[in-house]
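Me: I have not seen this structure before. Please show me how to read its features one by one.

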Amino acid sequence: MIYLAQLETFIRSFFLQALWNYERMQNVGFAFSIEPLLRRACRTKETFYRALRRNTDYFNVHPYFAPLIMGVIFNKERELAESNRTEDPTISVLKNTMGAAFGAVGDHVIWGTWRPFCAIMALCVGLLVGYPSMNGDMSSSIFHLPGATLCAKWWVVGFLSMFNSIHLWLRWRGLQKAVSDGPLVVRWVESLHLQKWAAQIRRVGLLFLFFMVLVYFSHWTRSELLIWMVAVFLGSAILKRWGLSTFVIVYLVCGVSLAMTKLEIHWP
Amino acid sequence: MTSLMPHRLIAAAMWAGFIALDFTACGPFMISQPLVCGPLFGWLMGQVAVGVIIGGIIQLLWMDLSPIGVGIPYDATSTTILAIYWATLPSGPQAVPDHSALSQVVLALLIAVPFGFLFRWLDQMARRINTIIMHQVDRVPDEHLALGLWGGIVIGIAWSWIRYTLAYALLFWAGRIAWMRLAYSPRLTPMDQGLTMAVLLLPVAGMGVTLELFLSDDPEGRWAPWRATKPTKNGDRRA
């Protein structure tokens, strides 16, 4: 029966941020998601009502790590329900501490590393299948329907399946492990070496990016155009490092494009 | 779907509202990433090529966007959707085959870029309203709290979809009027070649931005709350 409650919590956790607010952030989503597990943990209606109310307090974490914390809180609530006490202040402390820690891990590993990596992989493949051929034939490129459709399929299916395979696994496995191990689930997370993997993935991502740059640049053989492309590439990286907004970079690049046509450098 | 009929606008706004739900209401499964929503919305508008070009460029340029803590980043999804809608308007590029058509795709992108900030602001406002809804859920008696939470989530999802759909419908409509005057203005003809060249250079700039992201030790830090929000007068940080 606990499996069904886990499954329900897993599904409900996708709506964690539906009522995200500045005061208590993901509190409604958290209480909504953990409710099936709390029903299992509490023996009486009164303890269930108290537990559910307690879990409407402040909560914020990276959404993919939320099921893991729900599993931990389920364990703590079960312990409390089986004891003679009515309140346990460590529950909210544990929830907030884990929320902050896993929030930071999720932001770095998922948003900062895994998502850009999957995007670069998909873009690389899309570019390879839908880029204008070396002889200048544009008919099969992304600028026309067959090439664009092929590229779109790779981007949509490739990116979504690659990204969400880890996303869904992390949610489900995290919840399962947390329900069975309780707060000791942190050892499981530690054993995943997420930070180490993130560093490796970033290096591989960098390689794919360079590969993409080479493929993109190799098709434009006119030297004056190539020089401009290298200048824009390096210039954008440097301006971004200096903290310039991408918003400004977009208009700067368009300004450069207009200037290039004044210098008689046109689309090949 | 390339006629000027209002049903095109309404259908486009409803689909855009569904895509935007991926942000916070459900998932996120990353359907709202420009790489995905670009081709999808382009396909819905009848021109996959435009969706691929705009989605690819925006994905590369805004690869580093992350919703960290209370910080709400620039809304690249809205930029993608608005640009595609305007670029695929009737009497616009039918298959994006030549230079002038590509220049219109870039023009639509340039017009849509500032609206990412508008949608970020709208999201901030919506989350303030979410606080009011949350307080209503909080007032529900203990024995009905489980039901109250259901209500809160359903209202949250419905409210997200309605506000995005309305915002998109309004901007699609207002933008169409501006687009028809601007995109086919003879004054812009001398800029055609330059804008077409931007199709080539904008992905290059995006690769440069992505290079900086992969070389950064703190990739998610750039969208941390203290960067994505403004300080108030008394010094504290508020979204």
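Reply: Start with contacts: two residues are in contact if their C-beta atoms, placed from the backbone, lie within 7 Å. Keep in mind that this is a predicted model.

Me: Which residues does B:Ile54 touch, not counting residues up to four places away in sequence?

Reply: B:Ile54 touches B:Gly38, B:Thr80, B:Ala83, B:Ile84, B:Ala87, B:Val105 and B:Leu109.

Me: How should I read a nonpolar core, and which residues have the most contacts inside the largest one?

Reply: In soluble globular proteins, nonpolar side chains tend to be buried together. Here the largest nonpolar core has 145 residues. Those with the most contacts inside it are A:Ile69, B:Ile54, B:Val105 and B:Leu201. Helix α8 of chain B, residues 192-215, gives the most to this core, with 14 residues. Domain 1 (2-97) and domain 2 (221-268) of chain A both give residues to this core, so the core lies between them.

Me: How far apart are the C-alpha centres of domain 1 and domain 2 of chain A?

Reply: Those centres lie 51 Å apart.

Me: What should I look at in helix α5 of chain A?

Reply: Look at the span, then at any bend. Helix α5 of chain A (residues 89-130) has 42 residues and reaches 58 Å from its first C-alpha to its last, close to the 62 Å expected at 1.5 Å a residue. The helix bends by about 30° at A:Trp114, and a proline, A:Pro116, follows within four residues.

Me: What is the mean pLDDT of chain A?

Reply: The mean is 90, and 96% of the residues of chain A reach 70 or more. Among the elements of chain A, helix α9 (residues 223-241) has the lowest mean pLDDT, 91, and helix α2 (residues 27-41) the highest, 96.

How values were computed: Residues are numbered from 1 along each chain as its sequence is written. Chains are lettered from A and ligands numbered from 1 in the order in which they are written. This is a predicted model: local features need pLDDT of at least 70, side-chain atom pairs count only at pLDDT 80 or more; totals for chains, interfaces and linings use all residues. A nonpolar core is a set of buried Ala, Val, Leu, Ile, Met, Phe, Trp, Tyr and Cys residues joined through C-beta atoms within 7 Å. A residue is buried if 20 or more other C-beta atoms lie within 10 Å of its own, exposed if 12 or fewer, and partly exposed in between; C-beta atoms are placed from the backbone. Helices (H or I, at least four residues) and strands (E, at least two) are DSSP runs, numbered from the N terminus. Domain bounds come from an automatic or database domain assignment. The expected span of a helix is 1.5 Å times one less than its number of residues. The bend at a residue is the angle between axes fitted to the seven residues ending there and the seven starting there. pLDDT is the predictor's confidence in each residue, from 0 to 100.
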